[in-house]
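Here are a few notes to read alongside the model. They cover two pockets and one helix pair.

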Amino acid sequence: MFTVEDYIRSMKANLEEKSDLVVENLKKISTYNFYSKISLLDFTAYIEPTRFEVSITMFSMDNEANEIFFEGTDPSVFAGSTTVITDTAYYQVNDVQLDDFFDFYEQNEETLVPEEQQIFADWFHQCWKTAAGASVGLPSYFVFHDEYRSYDLKNRQWIDDDEKWS
């Protein structure tokens, strides 16, 4: 039998186990010499719900929602994207229970989706904060791929994507 509380508790525990790796990778990112034309950083989460995995990639962006690349010759300048974490399990369920889990999830989707998103955002924010992510000096956002809103890591609030591009 699945419950919302048990699912959320397990999800938080699985993410917490990955915090040290995310913090380590974010600390590396904070040392980058970012290209001067970069306006903000988007940390984009890709969720694979059938395998319960998350991958996070950082993209350097301009104010018009375009990824910025550096075409100069200085190897110390960073622009583009980099992986924060790949294919990391945020939940585990026995294969024989998959159908029951997906039935449970479908019945509770309206409750689970916003709660999951907030858990991911809070967890990533804590990792970003621990890694001194604000020291980068660029506005930074946590966003789910193909979503319309972003989590402002500095102000700890959800915003419509249009707000960060203006």
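What volume does the second largest pocket have? Keep in mind that this is a predicted model.

1. The answer is about 170 Å³ for the second largest pocket. Its lining takes in 14 residues, and D42, T44, V143, H145 and D146 are the ones that lie nearest the centre. Strand 2, strand 3 (53-61), strand 6 (140-144) and helix 4 (161-165) each give two or more residues to that lining. Sorted by class, the lining of this second largest pocket comes out as 6 nonpolar, 3 polar and 5 charged residues.

2. Now for the largest pocket, which holds about 300 Å³ of space. You'll find 18 residues lining it, with I47, P49, Y90, Y105 and E116 nearest its centre. Two elements, strand 2 (40-48) and helix 3 (98-130), supply two or more lining residues. Helix 3 gives the most, with 8 residues. The class split for the largest pocket is 13 nonpolar, 2 polar and 3 charged.

3. Helix 3 also packs against helix 2 (residues 19-30), at an angle of about 50 degrees and with the axes 8 Å apart. The two helices are therefore oblique to each other, and the crossing of helix 2 past helix 3 is right-handed.

4. Who makes that contact? On the helix 2 side, look at S19, V22, V23, L26 and K27; on the helix 3 side, W123, F124, C127, W128 and T130. By class, the residues of this helix 2 and helix 3 contact are 7 nonpolar, 2 polar and 1 charged.

Technical notes: Residues are numbered from 1 along each chain as its sequence is written. This is a predicted model: local features need pLDDT of at least 70, side-chain atom pairs count only at pLDDT 80 or more; totals for chains, interfaces and linings use all residues. Side-chain values use heavy atoms; hydrogens and water are left out. On a 1 Å grid over the protein atoms alone, a cavity is a set of points where a 1.4 Å probe fits but cannot get out, and a pocket is an open set with protein on both sides within 12 Å along at least five of seven lines; lining residues have an atom within 4 Å of a point. Grid points are joined across faces, edges and corners, and a volume is the space filled by probe spheres set on the points. Helices (H or I, at least four residues) and strands (E, at least two) are DSSP runs, numbered from the N terminus. Ala, Val, Leu, Ile, Met, Phe, Trp, Tyr, Cys and Pro count as nonpolar, Asp, Glu, Lys and Arg as charged, and the others, Gly among them, as polar. Axes are lines fitted to C-alpha atoms, for helices over the stretch in contact, and angles run from 0 to 180 degrees between N-to-C directions. Angles under 35 degrees count as roughly parallel, over 145 as roughly antiparallel, 65 to 115 as roughly perpendicular and the rest as oblique. A crossing is left-handed if the near helix is turned anticlockwise from the far one by less than a right angle, and right-handed if clockwise. Contact means heavy atoms within 4.5 Å.
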